[in-house]
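Let's take a walk through a protein together, one step at a time. Keep the picture beside you and look for each part as it comes up.

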Amino acid sequence: MKIDKEISHPIHPLHKLKLEYTEIPFNCDGCKEAGIGLKYKCQQCEFDLHKACAVAHPSSIIHHPFYEKCEFQFHYNPPGAARRICDACRKDVLGFVYHCKRCGFDLHPCCANLPQVLNDGEYNLYLCLNLSSSCHRCGGKGHGWSYRSHCKTYHLHVSCVKELLVENWQAMYLNVDKNKVREMQTRIPSLKGTLKNYHGHGAGRGGKVSKCCQIAGGAVRVIVSAILGDPTAIIAAVVGGFISK
């Protein structure tokens, strides 16, 4: 699919937006969610859009295999006065959204575009509507989409990955001057210990736990890539140290 290097967007009519790549986390001015990698940016203003948000428009209607009876219409703002939650990541909808009027389901644009199958170079990871086993981050099943390994022993909520990103990025950038942030050589923060803590006192299982963590390390890299709106090999390399450090 052709990607335009420069676009005009109705919610930012004063200037054109140019496609660029960044390893520094940004907040999308469309969906209000975090992003990294390819984005459309105004060179004169602090205005950024995920690629998925930039190409969506009010006449956009999408379908999703998890909701076969639904038609999702794109909206610049959440419809109605009630609080709306993304049914994929269980986070608040604060901006751009795909909404099914018939069923009331909502999806962030990046969530709506999450691939059904991801590959970390060695294993396939499958997007699931419901968890069949406990999440390796929170230990619960809960609502919201998740990715699972082919062997069905590794599961990770999409929402848990988002929480980890926000927690770590806030710690890194809170009260830091934006100009200094741009100058930093940014890497996605390490999550070392996340999975080991989940296993807790299971250290006696030795190789089995180690193998699970090894699989999870690769899995998180590609899941993060997809959630942030740019599931590419370049981003996978950027997040290479996500767990290993």
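Leu-125 stands opposite Ser-149 in E11. Keep in mind that this is a predicted model, and then look at the other pairing of this leucine: Leu-118 has Leu-125 in E10 as its bridge partner. A little further along, Cys-128 is matched with Ser-146 in E11. These are good handholds for finding your way into the sheet.

Now step back to see the strands themselves. E10 and E11 run antiparallel and are joined by 4 bridges. E9 and E10 also pair in the antiparallel sense, over 3 bridges. Put together, the order E9-E10-E11-E12 makes an open sheet of 4 strands with antiparallel pairing. Which strands stand at the edges? They are strand E9 (117-119) and strand E12 (155-157); each has a single partner strand, so one side of each is left without a neighbour in the sheet. As you move from one strand to the next, the twist averages 25°.

Let's stay in this sheet for one residue, Arg-148, which is found in strand E11. Is Arg-148 buried or exposed? Its relative accessibility is 18%, and because buried means under 20%, Arg-148 counts as buried. If you set aside its neighbours within four places in sequence, Arg-148 is in contact with Asn-124, Leu-125, Tyr-126, Cys-128, Tyr-154 and His-155. You have already met two of these names: Leu-125 stands opposite Ser-149, and Cys-128 has Ser-146 as its bridge partner. Cys-128 is buried too, with a relative accessible area of 14%.

Our next stop is the aromatic rings. How many aromatic pairs does the structure hold? There are 8 aromatic pairs. In one of them, the rings of Phe-66 and Trp-145 have their centres 5.0 Å apart and their planes at 90°, so this pair is edge-to-face. The cut-off helps here, because planes over 60 degrees apart count as edge-to-face. Phe-66 lies in the loop between strand E5 (61-64) and strand E6 (67-75), while Trp-145 lies in the loop between strand E10 (124-128) and strand E11 (146-149), so the pair ties together parts that are 79 residues apart in sequence. Try to find both loops in the picture and follow the chain between them.

Both partners of that pair are buried, with a relative accessible area of 19% for Phe-66 and 0% for Trp-145. They also have company: Phe-66, Tyr-67, Phe-72, Phe-105 and Trp-145 form one aromatic cluster.

Having met one cysteine, you may wonder about disulfides. How many disulfides does the structure hold? The number is 0. Cys-103 makes a useful example: the nearest cysteine sulfur, that of Cys-70, is 3.5 Å away, and Cys-103 is in no disulfide. The reason is the cut-off, because a disulfide is a pair of cysteine sulfur atoms within 2.5 Å. As for its surroundings, Cys-103 counts as partly exposed, at 35% relative accessibility.

Two loop residues deserve a visit for their backbone angles. Lys-32 has a phi near 70°, a positive value in a residue other than glycine. You can find Lys-32 in the loop between strand E2 (12-27) and strand E3 (34-42). With a relative accessibility of 36%, Lys-32 counts as partly exposed. Arg-90 also has a positive phi in a residue other than glycine, here near 65°. Arg-90 lies in the loop between E6 and strand E7 (97-99), and it counts as partly exposed at 37% relative accessibility.

Finally, let's look at the chain as a whole. Its secondary structure comes to 7 helices and 12 strands. The protein chain has 245 residues, of which 47% count as buried. Among the contacts with a separation of 6 or more, residues 24 or more positions apart account for 47%. The accessible surface comes to about 12700 Å², and 51% of that belongs to carbon and sulfur atoms. With these totals in mind, you can return to the picture and find the open sheet of 4 strands and the aromatic cluster that includes Trp-145.

How values were computed
Residues numbered from 1 in each chain as written. Predicted model: local features only at pLDDT ≥ 70, side-chain atom pairs only at ≥ 80, totals over all residues. Heavy atoms only, no water. Phe/Tyr/Trp six-rings, centres within 6.5 Å; stacked < 30°, edge-to-face > 60°. Buried < 20%, exposed > 50% of the residue type's maximum accessible area, 1.4 Å probe, protein only. Pairing = 2+ DSSP bridges. Axes fitted to C-alpha atoms, helices over the stretch in contact; angles between N-to-C directions. Contact = heavy atoms within 4.5 Å. Areas by Shrake-Rupley, 256 points an atom, 1.4 Å probe, with all protein chains shown as cover.
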